[in-house]
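Please look through the sequence and the model shown here before reading on. The paragraphs after it are meant to be read alongside the coordinates.

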Amino acid sequence: MPDTTLTGDPSHDAPGHEHGDDAAGYYVPGSPIFDTKAPEGPIDERWSTRKFEAKLVNPANRRKLDIIIVGTGLAGASAAATLGEAGYNVKSFCYQDSPRRAHSIAAQGGINAAKNYKEDGDSVHRLFYDTVKGGDYRSRESNVYRLAEVSTNIIDQCVAQGVPFAREYGGLLDNRSFGGVQVSRTFYARGQTGQQLLIGAYQAMERQVAAGTVQQFTRHEMLELIVVGGKARGIIARDLVTGEIETHLADVVVLATGGYGNVFFLSTNAMGSNVTAAWRAHRKGAYMANPCYTQIHPTCIPVTGSHQSKLTLMSESLRNDGRIWVPKRKADCDKDPREIAEEDRDYYLERIYPSFGNLVPRDIASRAAKNVCDEGRGVGPEVDGVRRGVYLDFSAAIERLGRAGIEEKYDNLFDMYARITGENPYETPMRIYPAVHYVMGGLWVDYDLQATIPGLFVTGEANFSDHGANRLGASALMQGLADGYFVLPHTIRDYLADGPFEKVDESHPAVVEARKSVEDRVAHFLSTNGTRSVDSYHRELGNIMWEYCGMERTEDGLKKAIDLIRTLREDFWRNVKVLGTADSLNQSLEKAGRVADFFELGELMCIDALNRRESCGGHFRAESQTEDGEALRHDDQFAYVAAWEFTRDADSESEGMGAPVLHKEDLVYTAIEMKQRSYK
């Protein structure tokens, strides 16, 4: 089916659309917000224009300027390496014991770039188009075009660093396809792409550590942002080994701290991944944009019971050669899949979306899997009385390519699956089911990647800027490295050119206040001496979020979730039990601070989802769908970025979140036409 222009006619919506704003009373309308840094003119000239217009900092002055970078994943490590090499004084922070343990290392399938090595019709403009369409027309076109434009440089940079990308027989770099596209533009290193790219960025950063331009702080967690005179000037961090609360000051702060998928408790994120750095900045005045946009990844190992504390991703690249199916009849669901005849299998993605088949975008594949399982045709063991799994079958690919051909592409992924499940995917189909993976929302930034707090820059998954309502596979690594290597170094200099800035010392009232707030928070958690563990609260919060703000959202469900979250949050502040002391390694204390922030974030996610009475990308409102169950947008009402401003509830025992203020940034497309997204 060809794309057709979307009218945005609300008459297509389910009954009840005329009721108005579902979130009325939960938030306060605010003034519009604008991206004043985005240049005008032809879209293919905007980035060049901005780079030229951005002010310069001469090498002598760079040595007088201090930059704090929080996070050492692809965005943080590449930024530290590039800014250190440029001559700035960089302080790099991570809570892991090594920068190499940043969660970027877990990325499997690949990284996109518009190189067109396959001569299959790819181009910068097509990558731009696929990304905007994949994000269901809820991203900024200027940012996305820039991302597509610099993508080609990333591959050259990484090859020069020695990243061992897969190659064809003749020695040229190989490519494969990912969901949402009909070309091959994904560069990969088997199923270890994130690991190999992170090692490249890490060694570039370590070179600057050795050169003295980058100072490294491992096992340090940022717990507060220091804002002086309205500008970001440093952070308060806790040494996770000694418990010491430290003050670090600088001229500018960069957050590269990843996403907040762990608000759901069960996700594919590392268990330490959290929102605290971004949320502390949000509480100090940085707007949070589109927090409801959550990506549910379709190819994860299914939940096996309540004992689990995380879920395992199986790379989307497996959908290149694996075919997804369930039995046509419920009676066959407990059979050995090898005993189910071909004519009794429903290859439902190939049936519903013939043009893209198993390579539809993640949000569409995830909802389709949920639908067939809701029909009672899920496979695998029952959990809470329901089978939540579908088959990812490689038998046809093994017959076509041979086992050796599949091993060459995916051997470590197959080995990982076998170790976790005890099943051999070369002999029986894998079982997969959707799980929380990535978040498209994050701190609001302008074209320069600067937040609403001057001097605070945000990169990678921690910002909202490039993916709209749904991220296409293999674009996270692309955005992280693009921001760190090629975007931030050009845009941050425009701000730093006004330096050197007035020095701030630890006696400044704003610094003292920030430090005291951290100390008071730590003291509260250690003195509450309640009856419930932090993990028990986190798991209950995650269940609420998954049930009511997961793959499908409704007005009634979201309002119920908000009430449940508020009640649970107040109980958490009164009744949590944190063992140990403040002056030592204390993981229970670490988790308490993170879960406290997850409570406020979870409430804001539900308010954002309640306000957006449309379906787009990873945000699916049951009240807004087409006759055949596809997402139905309403461009006449919701073609905007929702940028939320924090307000404090002085009456709350936890001094938590009051009614947030909504600032809307209208999305304007000049180089692309907004259409009904179709992959059929």
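What follows is a walk through a helix pair, an enclosed helix and several single residues of this predicted model.

A convenient starting place is a pair of helices. Two packed helices are described by the angle between their axes and by the distance between those axes. For helix α3, which spans residues 74-86, and helix α6, which spans residues 193-211, the angle is about 30° and the axes lie 8 Å apart. Because angles under 35 degrees count as roughly parallel, α3 and α6 are taken as roughly parallel to each other, and their crossing is left-handed. On the α3 side the contact is made by L74, A77, S78, A80, A81, G84 and E85, which meet L197, L198, A201, Y202, A204, M205, R207 and Q208 on the α6 side. Sorted by character, the residues of this contact comprise 10 nonpolar, 3 polar and 2 charged. An α-helix has 3.6 residues a turn, so residues three or four places apart point the same way. In α3, L74, A77, A81 and G84 are among the residues that take part in this contact.

Helix α7 offers another view of packing. In α7, 8 of the 8 residues are buried, so the helix is largely enclosed by the rest of the structure. The buried residues are T276, A277, A278, W279, R280, A281, H282 and R283. Just after α7, G285 adopts a positive phi of about 125°.

The loop that lies between β10 (252-255) and α7 (276-283) contains N269. Is N269 buried or exposed? Its relative accessibility is 3%, and because buried means under 20%, N269 counts as buried. A polar atom of the N269 side chain lies 3.1 Å from the backbone oxygen of H437, and H437 appears again among the contacts of N269 beyond four places in sequence, together with H103, G261, N262 and K310. N269 and F620, 351 residues apart in sequence, have C-alpha atoms 22 Å apart in space.

H437 also leads to a residue in a strand, since H297 has its place in strand β12, residues 294-300, and H437 is one of the residues in contact with H297. Leaving aside neighbours within four places in sequence, the other contacts of H297 are L313, M314, E316, R362, S366, Y433, P434 and A435. H297 is buried, with a relative accessible area of 0%, and its side chain reaches the backbone nitrogen of T299 at 3.1 Å.

A further buried position is found in the loop between β1 (28-29) and α1 (46-53), where D35 is located. D35 counts as buried at 15% relative accessibility. Which backbone nitrogen lies 3.0 Å from a polar atom of the D35 side chain? The backbone nitrogen in question belongs to Y447, while the backbone nitrogen of K37 lies 3.2 Å from a polar atom of the D35 side chain. Not counting residues up to four places away in sequence, D35 touches R140, N143, W444, D446, Y447 and E665.

The last residue on this route is E502, in the loop between α11 (476-496) and α12 (509-528). E502 is exposed, with a relative accessible area of 69%, whereas D35 is buried. The C-alpha atoms of E502 and V57 are separated by 17 Å, although these two residues are 445 residues apart along the chain.

Methods: Residues numbered from 1 in each chain as written. Predicted model: local features only at pLDDT ≥ 70, side-chain atom pairs only at ≥ 80, totals over all residues. Heavy atoms only, no water. Axes fitted to C-alpha atoms, helices over the stretch in contact; angles between N-to-C directions. Helix = DSSP H or I, 4+ residues; strand = E, 2+ residues; numbered from the N terminus. Parallel < 35°, antiparallel > 145°, perpendicular 65-115°, else oblique. Left-handed = near helix turned anticlockwise from the far one by under 90°. Contact = heavy atoms within 4.5 Å. Nonpolar A, V, L, I, M, F, W, Y, C, P; charged D, E, K, R; others polar. Buried < 20%, exposed > 50% of the residue type's maximum accessible area, 1.4 Å probe, protein only. Polar contact = N/O pair within 3.5 Å; in protein donor to acceptor, adjacent residues only side chain to side chain.
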